[in-house]
Amino acid sequence: MYVLKHGIKRNPEKRWGLPDRIFFGHGACAILAGVFLKNPPFEGFYGERIVPADDFAGNHIYVTNGVIAFDYHGYSCRRRLLEHHEKGWASYSPGWHCTITKVDFDLLDTVELNRRKILGPDQYLYDPVPRVFRFLQRLDHPKAAAKARAIAARVDASS
């Protein structure tokens, strides 16, 4: 798990200057998921949100079809994504736990995001939507999704 230095998320220039994976993994995950869902490379994907209990940090939004997931890591087995997220935050904050909810709001609507204490696309130093498009265009979606599906099948078979 990558932990940002104190103050970076509050500094628009430093936040914008983060590498894409860190930028999308530390605050702009909703924008990444929202843009993905506007023109998904595959059918059947929807947004899910990791909502930490109490006042813990660790909110995260990703897209999934129930088996594989997509976020700043790329495609992965959904179960492994959730295990990785929980393990990382629990090691950082003992007692950390969460609920998983289906996203029922527009991931690119600033008002809806702000209600959930998430920045909207117009609240970054620059527009993050073109940055998401560039990030998504660099991926070989069919190949990466197939690899994640194969891993998910092995994980399911072993449990």
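**Helix α7 and a buried aspartate**

The buried residues of α7 (buried means under 20% relative accessible area with a 1.4 Å probe, protein chains only) pack against β3 (68–71), β4 (74–77), α4 (78–92) and α6 (128–137). This is a predicted model, where local features need pLDDT of at least 70, side-chain atom pairs count only at pLDDT 80 or more, and totals for chains, interfaces and linings use all residues. Residues are numbered from 1 along each chain as its sequence is written, and side-chain values use heavy atoms, leaving out hydrogens and water.

Which residues of α7 are buried? They are H141, A145, A148, A152 and V155. They cover an arc of only 80 degrees around the axis (taken from the directions from the helix axis to the C-beta atoms), so they lie on the same side of α7. An α-helix has 3.6 residues a turn, so residues three or four places apart point the same way. The face turned away from the buried side carries exposed residues (over 50%): P142, K143, K147, R154, A157 and S158.

Now look at the start of α7. There, a side-chain oxygen of D140 comes within 3.3 Å of the backbone nitrogen of K143.

Next, turn to strand β3, which holds D71. D71 is buried, yet has no salt bridge (a side-chain nitrogen of Lys or Arg within 4 Å of a carboxyl oxygen of Asp or Glu). The nearest side chain of opposite charge, R21, is 6.9 Å away. What does the side chain of D71 make a polar contact with? Its partner is the side chain of H60, at 2.8 Å (a polar contact pairs N or O atoms within 3.5 Å; within protein, one must be able to donate a hydrogen and the other to accept it).

Definitions and conventions
Helices (H or I, at least four residues) and strands (E, at least two) are DSSP runs, numbered from the N terminus. Contact means heavy atoms within 4.5 Å. Lys and Arg count as positive and Asp and Glu as negative; His and the chain ends are not counted.
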